[in-house]
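Visitor: Hi, I have this one open on my screen and would like to talk it through. Could you walk me round it?

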Amino acid sequence: MLRYAHIVGWGKYLPEKVLTNDDIALLVNTTDEWIRSRTGIRRRHVADENESVATMGFEAARRALATADIHPQEVDMIIVATSTAVHAFPSAASLVQNYLGAQSASAFDLGAACSGFVYGMGMASQAIATGFVNTAVIIGSETMSRVLDWNDRGTCILFGDGAGAVVLRGSSVPGGVMATSLGSDGSGADMLKLPTVYRNAVPTMPSSFYKNGADVNTISMNGRQVFRFAIKIIAESVLETVESAGLTMDDVALIIPHQANTRIIEMAAKRLEIPVDTFYLNVDKVANTSAASIPIALADAVENGRLHPDDNVVFVGFGGGLSWGSSIVKWAASRPMEDRSDTRWERARYAAARARSRVRQLSRQMDAIRAAEEYEE
Ligand code: COA
């Protein structure tokens, strides 16, 4: 029997440090007025040196699990959508799994740039529909501040750091994720780029090994082309998904888009012939947090009372690849009466997870000592 994947939990984490447009104007030749009028952005959060995609992802995930009132050991799958994890491996998802103590969960990172969260929702909802898993945590988490050229006023004004997460759970009650459409066009790869391997990263490497190496691992972008692509693809992707769910735009209560630029959204709304306030926007406060932007905006939208039971909400992402995707969800959850996160019980649960992880590390070390002794005998 087909299962329905419902969103039962949501959470976000934003680093404490805030960078305003005026702060950026001290670094590059720009003004608050220019940034606000071209992008709608007023400020962004920036991770401190002890924070990472994994630590922020954990914070968002634990809040999402608390809202859902679900124990981490019930989680079957953890997906972290990101382009800025500290390691290629271990995945940030494996680290989050360890911090949560989600011992039954598989975990992997997903790379689809700013569309990553919607891709993750697509993968997890299909896994739930077929009965492969029952409970999945999908996280978007990014430290964009670490991949920006802070001398390039065309890009450093646009991005911010943070994480958001949802819990998807299988149910026999119809609703939840009703349709998803995903797309990619690699012919536009040059329009938005973040190299991960750079020249001379390994001084001992023979030069013939790194013919494809880039000079720096910072974002480069053709802003105008990305702007045009975004407007077109938001409209096309939203329509495709809404139609494949057998609905029309009149049935859509709210669209939560990837938060890149207010002007992009205004023009997409025009193209779709819908009021701009059908779109939920918080780009003014957080800037573009890439894969994290949709789940952060979702948590904000719920907090601000913008979602009600039975609303049809559309998520739409677009970005590097080029990649894009959208999904339509029948909203069933209501806001919990009390804040279930950061209670004494919750803190004790994660302290216990850390202790269990340490015990497993120690027992592996003991095994290694015993194995070495047996080898010598
Ligand atoms: N402050 C002041 N001036 C700036 C500036 C800044 N931060 N950035 C660029 N400019 C200048 C340019 O140098 C240029 O000056 P010139 O005319 O003297 O050469 C002028 O402003 C216009 O530049 P342009 O790049 O054409 O501006 P724009 O109107 O296209 O706005 C973006 C630039 C980046 C804001 C806009 O293209 C954009 O938002 N694109 C989409 C980017 C995006 O969202 N990417 C992520 C998608 S996931």
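Visitor: How do helix 6 and helix 7 lie relative to each other?
Guide: Helix 6 and helix 7 are oblique to each other, because angles under 35 degrees count as roughly parallel, over 145 as roughly antiparallel, 65 to 115 as roughly perpendicular and the rest as oblique. Helix 6 covers residues 223-244 and helix 7 residues 262-272; they pack at an angle of about 45°, their axes 9 Å apart. Axes here are lines fitted to C-alpha atoms, for helices over the stretch in contact, and angles run from 0 to 180 degrees between N-to-C directions. Helices (H or I, at least four residues) and strands (E, at least two) are DSSP runs, numbered from the N terminus.

Visitor: Before we go on, what kind of model is this?
Guide: This is a predicted model: local features need pLDDT of at least 70, side-chain atom pairs count only at pLDDT 80 or more, and totals for chains, interfaces and linings use all residues. Residues are numbered from 1 along each chain as its sequence is written.

Visitor: Back to that pair. Is the crossing of helix 6 and helix 7 right-handed or left-handed?
Guide: The crossing is right-handed; a crossing is left-handed if the near helix is turned anticlockwise from the far one by less than a right angle, and right-handed if clockwise.

Visitor: And which residues make the contact?
Guide: Helix 6 brings Phe227, Ala230, Ile231, Ile234, Ala235 and Val238, while helix 7 brings Ile264, Met267, Ala268, Arg271 and Leu272. Two residues are in contact if their C-beta atoms, placed from the backbone, lie within 7 Å. Of the residues in this contact, 10 are nonpolar, none is polar and one is charged. Ala, Val, Leu, Ile, Met, Phe, Trp, Tyr, Cys and Pro count as nonpolar, Asp, Glu, Lys and Arg as charged, and the others, Gly among them, as polar.

Visitor: What about helix 3 and helix 4, at what angle do they cross?
Guide: Their axes cross at roughly 50° and come within 9 Å. That makes helix 3 oblique to helix 4, and the crossing is right-handed. Val53, Ala54, Gly57, Phe58, Ala61 and Arg62 of helix 3 meet Ala92, Leu95, Val96, Tyr99 and Leu100 of helix 4. That contact has nine nonpolar residues, one polar and one charged.

Visitor: Changing topic: what are the domains?
Guide: The domain assignment gives domain 1 (4-197 + 212-330) and domain 2 (343-377). Such bounds come from an automatic or database domain assignment. The centres of the two domains, taken over C-alpha atoms, are separated by 35 Å. Six residues from domain 1 and six residues from domain 2 form the contact.

Visitor: Which helices supply the domain 1 side?
Guide: Helix 3 (53-68) and helix 4 (92-100) each supply at least two residues of it. The largest share, three residues, comes from helix 4. This side of domain 1 holds three nonpolar residues, two polar and one charged.

Visitor: Now the sheets, please. In what order do the five strands run?
Guide: The five strands form an open sheet in the order 1-7-6-4-5, with mixed pairing; two strands pair if DSSP finds at least two bridges between them. Strand 1 (4-13) and strand 5 (106-110) stand at the edges, each with a single partner strand, so one side of each is left without a neighbour in the sheet. From one strand to the next, the twist averages 20°. Strand 4 (residues 77-81) and strand 6 (residues 135-143) run parallel and are joined by five bridges, and Met77 stands opposite Ala136 in strand 6.

Visitor: And the sheet of four strands, which strands are at its edges?
Guide: That open sheet has the order 8-13-12-11, again with mixed pairing. Its edge strands are strand 8 (176-184) and strand 11 (254-257), each pairing on one side only. Strand 12 (residues 312-319) and strand 13 (residues 323-330) run antiparallel and are joined by eight bridges.

Visitor: Last thing: where is Leu322 found?
Guide: Leu322 is in the loop between strand 12 and strand 13, and the peptide bond from Gly321 to Leu322 is cis, with omega near -10°. Another cis peptide bond joins Phe89 and Pro90, with omega about 0°; Pro90 is in the loop between strand 4 and helix 4.
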